[in-house]
Amino acid sequence: MAKRVSYQEFTFEEYINEQQIHDVVKNIATQIEEDLKDEKPLFIGILNGSFRFLNDLFSNFTMDCEVEFIKLKSYESTESTGKITELIGLRDSLKGRTVVVVEDIIDTGLTITNVINDVLALDPKEVKIATMFLKPDIYKGALVPDYVGMEVPPEFIIGYGLDIDGLGRNLNSVYKKIDSVSLEHSKKKGMLNIVLFGPPGCGKGTQSAVLKDKYDLVHISTGDVFRGLDPESELAKLAKSYADKGNLVPDDITIKILQSEVKKHPNAKGVIYDGFPRTSAQAEALDVFLKSKGGSVTCMLELEVEEEELRSRLKGRALDSGRPDDADPAVIQNRIDVYNSQTAPVAAFYKEQTKHKSVNGVGSVEEVSERLFQNLEEVVA
Ligand code: 5GP
């Protein structure tokens, strides 16, 4: 039987053993030496996770090379734009240098994209990317890593530098999470807090209604709340001025609205959050708010739908909904762009907490519902 380890309430099973890791790293080191044999490269490791990979790369190098580290704070960012905060930054110039940026794992690609942009701004001769792991099902970025140790499925892994809440980095093999104990954990706590997530037109509203009925939950859509306000009220006018252009209502307003809606349902069995949180700041605020009530987000279900399909669905919806933000193709495109730029970090926030589940949003309403039910089964059993 495969080796298992447990951290907090989570159990992980060995997935990539030491020998496999050793062989992969040796192979990457050889490739880099061949590619950069006439150079004296500078390796820039992204802390914390990459320290083991970079150390093992180094022990395989015979070439002259230097190393530096940068340290970033990404998922804990309070910026709504998904901006990454630097804790240890880069030097002032990389002029003329051949740089290899070393990452432990590329998931959404937010971290590596930010780092590469910063590195390029310092005028290096050449930049390469080496990552030990890549999640190709999640990473859809434009940058193509030059050296990839292994491709892994879109699941949470630990070991060989990768952690769960700071632990597990010292494991010499890589382990994959085998259960959804975060869901179990929430079940024990009683209240379900389900974040239904996805781009405009992915079916959040429709599926929220289905989930609400099936599991007897309260459905809170911040969009519906804004649209339901007295149109003459200052708040309604303010919200409309953003929404009509396809932009997000500012975080402080949205968070207050959300909190007051939740408080209206003190005896709810659970809540479906539809269209909230839409930024990292909102996700953090929701965590803090639920914690203050002794709860936590149970899981985030992300409905995945291609952009082309979204555009056609929204166009169709405009005929019935009368929503100005559904009717204008430019506004629709802005909503999709805002979603892509501001909401990717929200999914990352829940992935980091191992609470994210991707659900195919294409198919009949019943088919998509069925997929959601399957994901929620453990939670409501
Ligand atoms: P990205 O910015 O590409 O979404 O994520 C990069 C960072 O997220 C990694 O450096 C790592 O800290 C964290 N991360 C992403 N996926 C995993 C995973 O499966 N396990 C662990 N432990 N950390 C991950």
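Trainee: Which of the 19 residues around the ligand come nearest?

Mentor: Please keep in mind that this is a predicted model. Of the 19 residues around the ligand, the nearest are Asp107, Thr108, Leu110, Thr111 and Leu162.

Trainee: Which elements each supply at least two residues of that shell?

Mentor: Strand 6 (98-106), helix 3 (110-120) and strand 9 (157-158) each contribute at least two residues to the shell around the ligand. Strand 6 has the largest share, with four residues.

Trainee: How is the shell around the ligand divided by class?

Mentor: The shell has 10 nonpolar residues, five polar residues and four charged residues.

Trainee: Let us turn to the sheets. In what order do the strands of the parallel open sheet stand?

Mentor: The order is 12-13-11-14-15, so read it as the sequence of neighbours across an open sheet of five strands, where strand 12 (218-221) and strand 15 (356-360) are the edges. Each of these two edge strands has a single partner strand, and therefore one side of each is left without a neighbour in the sheet. On average, neighbouring strands of this sheet are turned by 25° against each other, direction ignored.

Trainee: How many bridges pair strand 11 with strand 13?

Mentor: Strand 11 (residues 192-197) and strand 13 (residues 270-274) pair over five bridges, in the parallel sense. Within this region, Val195 stands opposite Tyr273 in strand 13.

Trainee: Across which strands does helix 5 lie?

Mentor: Helix 5 (residues 204-215) lies across strand 11, strand 12, strand 13 and strand 14 (299-304). The direction of helix 5 is at about 175° to strand 13.

Trainee: What is the order of the antiparallel open sheet?

Mentor: That sheet has four strands in the order 1-2-10-9. Strand 1 (4-7) and strand 9 are its edge strands, and each pairs on one side only. Strand 9 is also among the elements that supply at least two residues of the shell around the ligand.

Trainee: How many bridges join strand 2 to strand 10?

Mentor: Strand 2 (residues 10-16) and strand 10 (residues 174-177) run antiparallel and are joined by four bridges. For Glu13, the bridge partner in strand 10 is Lys176.

Trainee: How should one describe a pair of packed helices?

Mentor: Two packed helices are described by the angle between their axes and by the distance between those axes. Here, helix 8 (residues 251-263) packs with helix 9 (residues 280-292) at an angle of about 30°, and their axes are 10 Å apart. The crossing of helix 8 past helix 9 is right-handed.

Trainee: Which residues make the contact between helix 8 and helix 9?

Mentor: Helix 8 contributes Asp251, Thr254, Ile255 and Gln259, while helix 9 contributes Ala281, Gln282, Ala285 and Phe289. By class, this contact has four nonpolar, three polar and one charged residues.

Trainee: Is Phe289 buried, exposed or partly exposed, and why?

Mentor: Phe289, in helix 9, is partly exposed because 15 other C-beta atoms lie within 10 Å. The C-alpha atoms of Phe289 and Ile255 are separated by 9.5 Å, although these residues are 34 residues apart along the chain.

Trainee: What can be said of the protein as a whole?

Mentor: The protein has 13 helices and 15 strands. Of its 381 residues, 39% are buried. Among contacts with a separation of 6 or more, 72% are between residues 24 or more positions apart.

Note on methods
Residues are numbered from 1 along each chain as its sequence is written. This is a predicted model: local features need pLDDT of at least 70, side-chain atom pairs count only at pLDDT 80 or more; totals for chains, interfaces and linings use all residues. Axes are lines fitted to C-alpha atoms, for helices over the stretch in contact, and angles run from 0 to 180 degrees between N-to-C directions. A crossing is left-handed if the near helix is turned anticlockwise from the far one by less than a right angle, and right-handed if clockwise. Two residues are in contact if their C-beta atoms, placed from the backbone, lie within 7 Å. Ala, Val, Leu, Ile, Met, Phe, Trp, Tyr, Cys and Pro count as nonpolar, Asp, Glu, Lys and Arg as charged, and the others, Gly among them, as polar. A residue is buried if 20 or more other C-beta atoms lie within 10 Å of its own, exposed if 12 or fewer, and partly exposed in between; C-beta atoms are placed from the backbone. A residue is near a molecule or strand if its C-beta atom, placed from the backbone, lies within 6 Å of it. Two strands pair if DSSP finds at least two bridges between them.
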